[in-house]
Structures are given as structure tokens and as C-alpha cells.
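This report goes through a single protein chain, from its overall layout to individual residues. The sequence and structure come first.

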Amino acid sequence: MAPDRRRRHYNTGLVVNTASRGNFDCPKCQKTYKWYRGLHRHLKYECGKAPRFKCPHCMYTGKHRSHVYSHIKSNHSNRPIFALDMQQS
Ligand SMILES: [Zn+2]
Ligand SMILES: [Zn+2]
């Protein structure tokens, strides 16, 4: 009696999405990212978080300083370009 040498399959617990999209969806807000890194960054810094940076010239808020900068460039021409950090006391 030879032992059964069938290859074992280990379940890594990793769910691979083989759908044609191959994208990563945020489980909380259904935002879709092409790369895991994008989703990871979103979950860590964006999802469910209040915007941190505020335009000093109006009520606009953004989650990234650069968002406020480009907002000021396109909405407040000739105004100083800086962002108010609302997590700084
Ligand atoms: Zn999300
Ligand atoms: Zn503004």
C-alpha cells in the first residue's frame, strides 16, 4: 500500500478576486482601487475620516494638502496658497 501522495492545498485565507475587473473595493464605501496599495492608503488615511485641511479663503475642505492647493489655484486666483491644518492645535 503506497501512501497517497496527492499534493496538499494550503488555504492561505487570501481571497483572490478573479473577476475581470481585478480591482480592490473598499468594504466601507465601495470606492474602487486598481492596486492594493491605493486601497490600503484609502483605508488608513481617508475612509471615514473627516477632511483635515481647509481652504483659508472659503469653506472648502480636503483630505490632502495638495487638494486644497489645487482648489485655491483654480478658485481663488491671486490669493495666498496655503492650507489650514485642522488637526493642529
Ligand atoms: Zn472607503
Ligand atoms: Zn476656497
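Two residues count as being in contact if their C-beta atoms, placed from the backbone, lie within 7 Å. The model described here is predicted. Among its contacts between residues at least 6 apart in sequence, 20% join residues at least 24 apart.

**Layout and burial**

The protein contains two helices and five strands, which follow one another from the N terminus as β-β-α-β-β-α-β. Of the 89 residues in the protein, 6% are buried. The largest nonpolar core has five residues: Phe 53, Cys 55, Val 68, Ile 72 and Ala 83. In soluble globular proteins, nonpolar side chains tend to be buried together.

Val 68 belongs to this core. Beyond its neighbours within four places in sequence, Val 68 has contacts with Phe 53, Lys 54, Cys 55, Tyr 60, Gly 62 and Ala 83. Phe 53, Cys 55 and Ala 83, which are among these partners, are also members of the core.

**The sheet**

Three strands form an open sheet in the order 4-3-5, and their pairing is antiparallel. Strand 4 (61-62) and strand 5 are the edge strands; each has a single partner strand, so one side of each is left without a neighbour in the sheet. Strand 3 (residues 53-54) and strand 5 run antiparallel and are joined by two bridges. Phe 53 has Asp 85 in strand 5 as its bridge partner; Phe 53 is also one of the core residues.

**Exposed residues outside the helices and strands**

Which residue has its C-alpha atom 9.3 Å from that of Gln 88? It is Arg 52, which lies 36 residues away along the chain. Gln 88 itself is in the segment after strand 5 (84-85).

Most residues other than glycine have a negative phi. Gln 30 has a positive phi, near 65°, and Asn 78 also has a positive value, about 70°.

The table lists the place and the C-beta count of three residues.

| Residue | Place | Other C-beta atoms within 10 Å |
|---|---|---|
| Gln 30 | loop between strand 1 (24-25) and strand 2 (32-33) | 7 atoms |
| Asn 78 | loop between helix 2 (65-75) and strand 5 | 4 atoms |
| Gln 88 | segment after strand 5 (84-85) | 6 atoms |

A residue is exposed if 12 or fewer other C-beta atoms lie within 10 Å of its own. Gln 30 is therefore exposed, with 7 such atoms. Asn 78 is exposed because its count is 4, and Gln 88 is exposed because its count is 6.

Note on methods:
Residues numbered from 1 in each chain as written. Chains lettered and ligands numbered in written order. Predicted model: local features only at pLDDT ≥ 70, side-chain atom pairs only at ≥ 80, totals over all residues. Buried ≥ 20, exposed ≤ 12 C-beta atoms within 10 Å, placed from the backbone. Core = buried A, V, L, I, M, F, W, Y, C linked by C-beta atoms within 7 Å. Pairing = 2+ DSSP bridges.
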